[in-house]
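User: I would like to learn how to read the packing, the sheet and the chain contact in a two-chain model. Could we go through them one by one?
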Amino acid sequence: MSFTTAFHKELLEQRRTRRFMIAIVVLVLFGMTSPLLAKMTPQIITMIPGGEAFSMLIPTPTINDAVAQYIKNITQFGVLLALVFGMGAVAVEKDKGTAAMTLSKPMTRWSFLLAKFAAMSVTFIIAVLVAAIACYYYTFFLFGELAIGAWLVLNGLVTLYLLLYAAITLFYSTLTRTQYVAIGLSFGTLILLGILGSLPGIGANFPDALISNASLIMMGETPKNWSGLWVSLGLIFLSLAGAWLVFRKQEL
Amino acid sequence: MNAIKIEGLVKTYGSVRALDGLNLEVRSGSVFGFLGPNGAGKTTTLRILAGLALPNAGNASVSGIALSNTTPAPYARTGYLPEEPAFYPWMTPREYLDYVGRIFKIGSKERSARVDELLDVVGLKEVSKRHIGGFSRGMRQRLGIAQALVNHPEVLLLDEPVSALDPAGRKEVLELIEELGKECTVLMSSHILADVERVCDTVGIINKGKLITQAIKAELMEKYAIPALELVAGNGMAQQISEWKERIERMTSVSGVSIEGYTFRIAVKDVHSAQRELMQDAIRQNAHFERLEIVKPSLEDIFMQLVNGVEEKK
């Protein structure tokens, strides 16, 4: 009950502060334009003065280029949104005093935190879903049919990747009283996980492997190593549990 | 029966001891004025009672239910108004009160009626559909009072409830607090002693994290019934007022001085000695005054006597 009340308020906040709309517009825009950009890249290059010389070198764009462009855009801008949406989630409420107003009433701190993550999840799930439909339509129109099953798995993995950074930022937002410190720490973690994910041998065990696996699935291959998925799920759990452990004793 | 009981409460922030073994008992059904200078520990006490902070030592209970010493958690039948209530700027007052009603698990029909009632009581009905972000501090304070009342609290904790209000708003809210005193126990901190004197039936004075005294207001006024003097400085004395005040404070028969405009309010240990000292000083310093008279002591006089440690000397 306490969670339902908090969740209802968080969803209303996502709508009123236009975060919901911003997430949909940004992700749909990049979802829609990714296949377009892939298709038009050779033409764009020939339009640049002197670019005709390179046009012969550029291979004809394929459906895989469209998918690769989509993954790149949606993860980059999606992670940015996750960091921006999550950074003030708790820090600003603590700083302004709204958290104290709510938590001086019988609202559990766990519900307060979980509702924030759940509302962000709803926003990202819907935004990625709409972006995926838009991208599918344009890709179908420009390149041909995508395997629907693989496309759904790819978008599921992309959503999980975004939710991981939403959870990490929520943890830092709980830890600090300033949203800028929270986004700084989240950005540092993003870089660290990116570096770890690019290390040969162990890289496949980190969250960036979600994206590599998504690409493999779209190319019709079966990924062998799924530890990146378990590590991501584990990090989401740890971030939320850590946030609660910190927040439950925090003075407001 | 006590609505609030505090025993040996200690709260430290680094090297600062905000509460230093505070003991306090608030009788059920009373309107308790919690007084103290800035930094005395009033807000810290209220935050602990509201479940927002943890004490380092000691116990506190509200309506017989002990507050947690390990995890901050509020008591469900408490209403709390912080000194500067904060709201979601994108919400309307109606939405906020409805949200609070949901937290208290009040059914939809009852909640809607309660929200209407409270908006009416605090005079926000006409702006009930406007976003709180555009509200003045006074309007936010009124909404803060409304949100503290949603659950028909048994105990109401008010931290400086009228500090942001204009005189008319202050009068209305003080009357409301007086009314609430018939339904629940009110613990109200304030630095405006006249407000406390007006609405509270019991007074507790805290200084440096310790309770100096606690008594029924009438008993307190009687106990410290030493009259005060009021001296009105004459025209042309504006430049010398602060210097004059310092001289009066140094007088052996004086225990405290406050100034409002040209009027000195002087708490004294002995009226006749103080009168004599004041007259002699005026002649010596060529300071002229329009009036010097004996007045009944106010809560402010008693507060100053106690905070200045005169009680111990007596």
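User: Which residues does A:A166 touch, leaving aside those up to four places away in sequence?

Analyst: In this predicted model, a contact is judged by C-beta atoms within 7 Å. By that criterion, A:A166 touches A:A82, A:F85, A:G86, A:F117, A:M120 and A:F124, once residues up to four places away in sequence are set aside. A:A166 also belongs to the largest nonpolar core, which has 157 residues, and together with A:A167 and B:I266 it touches the most other members.

User: Why does this core lie between domain 1 and domain 2 of chain B?

Analyst: Both domain 1 (28–49 + 73–218) and domain 2 (226–296) of chain B contribute residues to the core, so it lies between them. The centres of these two domains, taken over C-alpha atoms, are separated by 38 Å.

User: What does the make-up of chain A look like, in helices and strands?

Analyst: Chain A has eleven helices and zero strands, and its C-alpha trace spans about 65 × 40 × 35 Å along the principal axes. Of its 252 residues, 43% count as buried. As for how contacts are spread along the sequence, 77% of the contacts in chain A with a separation of 6 or more are accounted for by residues 24 or more positions apart.

User: In what order do the strands of the open sheet in chain B run?

Analyst: A sheet is read strand by strand across its pairings, and here six strands give the order β6-β7-β8-β3-β9-β10 in chain B, with mixed pairing. The edges are β6 (78–81) and β10 (210–216) of chain B, each of which pairs on one side only, and from one strand to the next the twist averages 15°. At the β6 edge, β6(B) and β7 (residues 155–159) of chain B pair in the parallel sense over four bridges, with B:T78 standing opposite B:V155 in β7(B).

User: Which strands does helix α1 of chain B touch where it packs on the sheet?

Analyst: Helix α1 (residues 42–49) of chain B touches β3 (31–35), β7, β8 (185–190) and β9 (202–207) of chain B, and its direction makes about 145° with that of β7(B). Helix α4 (residues 137–149) of chain B also packs on the sheet, touching β6 and β7 of chain B, with its direction at about 165° to that of β6(B).

User: How many residues does each chain bring to the contact?

Analyst: The size of an interface is often given as the accessible area lost when the parts come together. Counted by residues instead, the contact takes 20 from chain A and 23 from chain B. On the side of chain A that touches chain B, the elements giving two or more residues are α1 (2–16) and α6 (98–103) of chain A, and the residues of that side divide into seven nonpolar, five polar and eight charged.

Key
Residues numbered from 1 in each chain as written. Chains lettered and ligands numbered in written order. Predicted model: local features only at pLDDT ≥ 70, side-chain atom pairs only at ≥ 80, totals over all residues. Pairing = 2+ DSSP bridges. Axes fitted to C-alpha atoms, helices over the stretch in contact; angles between N-to-C directions. Contact = placed C-beta atoms within 7 Å. Nonpolar A, V, L, I, M, F, W, Y, C, P; charged D, E, K, R; others polar. Core = buried A, V, L, I, M, F, W, Y, C linked by C-beta atoms within 7 Å. Buried ≥ 20, exposed ≤ 12 C-beta atoms within 10 Å, placed from the backbone. Domains from an automatic or database assignment.
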